[in-house]
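This report describes how selected parts of one protein chain are arranged and held together. It treats strand pairing first and charged side-chain pairs afterwards.

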Amino acid sequence: MPHPFTPVASLLVDPRNARVHEEGWQSWSPSGAYALGDKPYRPTNDNWATVCYRPGVTVPEGTFQGEGLLALDPGDGSAVRLWAAVDPTAKVPSIRLTVTGDRAEVGADGPVKEWTGPDIQSVLASWATSQEVPAPRPAPTVWCSWYEYFTDVTEDDIHENLRAMDTLDLPIDVVQIDDGYQKALGDWLTLSGRFRSRAGIADAIRARGRRAGIWTAPFLVDPASDLATEHPDWLVRDPDGGFTHAGRNWGHDLRVLDTTHPEAAACLTEVFRTLRAEGYDYFKVDFLYAGALDGVRHADVDALTAYREGISSIRAAIGEDAYLLGCGAPLLASIGLFDAMRVSPDTAPHRRSEADDYSQPGQDPAEFTGVGRQWQHGRFWVNDPDCLMARPAVETRERWAAHVEATGGLMASSDRLLSLDEWGVTTTRRLLSGVDE
């Protein structure tokens, strides 16, 4: 049952100048500042509400709501106020704000503490610094297969781009294979027909003086996978005995791996130990929201505890020296677990998102939330603004490149490198090197 909202503050505002920052639940959830007359971004269908927002949470019309964090600039020259979760890695309360006339009322469904500061980004940064997270390691530069090849990537595509990196003299540290190498979600060690040898391609990457990276969605399971067929007891269930629904993507419904089940946990550990032994030392773990979904698990623990323990087991399997990038992750519950974190929805070769839902791929939503979460960079992790796409076919590529450059975060290219024109090559080289040419 949801907890009731209790009042935490009542204050005067200037309705013309006040602004409210909503913090979204996970990487893809819209986050940023709004004027009081703005309509905040909300899910436009039920599936996206599960996959990209806080599942099971509906925000009333005319209400601002932050998940664990909500800031208000009253607009009258007085201090900015921030209401924040007391222990964000254990409990992330929803915090609501409504305005009637010139008075704002704030309530929360769990304990919060209040902070003040001169502006919204500063007070958020001050709160982040108080969490005492060790300074993150610098991020390597990356080439990622996703935004050119998507799930159709082949081993030959990786080899082509490896050669192109040398030909074009691009300062790329990590070559990261994204979704498409595996047979199915959950069957991570079984190859699709487009790849011949996972260890072999890692050896080829390393032979050219670069590091091998790989993508997984460790908490998602395809119902048609071997794992789901052979081990249905490894999946999280709902209270009625059915499987917990993790939304729909890739054309089918998704299940959740129960990492509190000893055999499922051992399998997950074996997957990451195997990948590490094959030479991969950069891991992008994606769709992590699934690990924090409510459900009936083998162990009697809450969803956030199960999520954090699952990520900790992945870290133990890959070693402290490997680089761990999170995506689609419940952000406040992830503090202290990652080297880098996606802080926005996916970008895309186009600006507008589908149905104007700001959790969906598009340069507009990626910029909005990426800017709104700039305060996290260097405090919790290295911010990942998502990949640079500099090929001529990309809409407003100059503007998107400027956004990626301005974040100061993880720099990753995701083009077929031989498709780049002179501007694309020069811009990619400059952003990856961090040096103006």
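In this predicted model, five strands form an open sheet with antiparallel pairing, in the order 3-2-5-6-9. Strand 3 (32-35) and strand 9 (112-117) are the edge strands, each pairing on one side only. From one strand to the next, the twist averages 20 degrees.

Within this sheet, strand 2 (residues 19-22) and strand 5 (residues 69-73) run antiparallel and are joined by four bridges. Val20 stands opposite Leu72 of strand 5. Helix 2 (residues 120-129) packs on the sheet, where it touches strand 2, strand 3, strand 5, strand 6 (80-85) and strand 9. The direction of helix 2 makes about 35 degrees with that of strand 6.

Strands of a sheet pair through backbone hydrogen bonds, and the pairing may be parallel or antiparallel. The parallel sense appears further along the chain, around strand 20 (residues 323-326). Strand 19 (280-285) runs parallel to strand 20, and four bridges join the two. Tyr282 has Tyr323 of strand 20 as its bridge partner. Together with helix 8 (residues 303-318), strand 19 and strand 20 make a right-handed β-α-β unit. Strand 20 also pairs with strand 21 in the parallel sense, over two bridges. In that pairing Gly326 stands opposite Met341 of strand 21.

Which residues of strand 20 point one way, and which the other? Tyr323 and Leu325 point one way, whereas Leu324 and Gly326 point the other way. In a regular strand the side chains alternate between the two faces of the sheet. All four of these residues, Tyr323, Leu324, Leu325 and Gly326, are buried.

The second topic is charge pairing. Side chains of opposite charge can pair when their charged atoms come close. The structure holds 30 salt bridges, and the table lists some of them.

| Salt bridge | Closest N to O distance |
|---|---|
| Arg196 with Asp156 | 3.1 Å |
| Arg198 with Glu278 | 2.8 Å |
| Asp386 with Arg342 | 2.9 Å |

Arg196 forms a salt bridge with Asp156. Because Arg196 lies in the loop between strand 13 (187-191) and helix 5 (198-207), while Asp156 belongs to helix 4 (residues 155-167), the pair ties together parts that are 40 residues apart in sequence. Arg196 is exposed, its relative accessible area being 53%. Asp156, at 46% relative accessibility, counts as partly exposed.

Are the partners Arg198 and Glu278 buried or exposed? Both Arg198 and Glu278 are buried. Their salt bridge has its closest N and O atoms 2.8 Å apart. The pair links distant parts of the chain, with Arg198 in helix 5 and Glu278 in the loop between helix 7 (262-277) and strand 19, 80 residues apart.

The salt bridge between Asp386 and Arg342 spans 2.9 Å from N to O. Asp386 lies in the loop between strand 22 (382-384) and helix 10 (397-407), and Arg342 lies in strand 21 (residues 340-342), so this pair ties together parts that are 44 residues apart in sequence. Asp386 and Arg342 are both buried. They also take part in a network of salt bridges that links Arg342, Asp346, Asp384 and Asp386. Strand 21, which holds Arg342, is the strand that pairs with strand 20 in the parallel sense.

Terms used. Residues are numbered from 1 along each chain as its sequence is written. This is a predicted model: local features need pLDDT of at least 70, side-chain atom pairs count only at pLDDT 80 or more; totals for chains, interfaces and linings use all residues. Side-chain values use heavy atoms; hydrogens and water are left out. A salt bridge is a side-chain nitrogen of Lys or Arg within 4 Å of a carboxyl oxygen of Asp or Glu. Buried means under 20% relative accessible area, exposed over 50%, partly exposed in between (1.4 Å probe, protein chains only). Two strands pair if DSSP finds at least two bridges between them. A crossover is right-handed if, with the strands pointing away from the viewer, the path from the first strand over the helix to the second runs clockwise. Axes are lines fitted to C-alpha atoms, for helices over the stretch in contact, and angles run from 0 to 180 degrees between N-to-C directions. Contact means heavy atoms within 4.5 Å.
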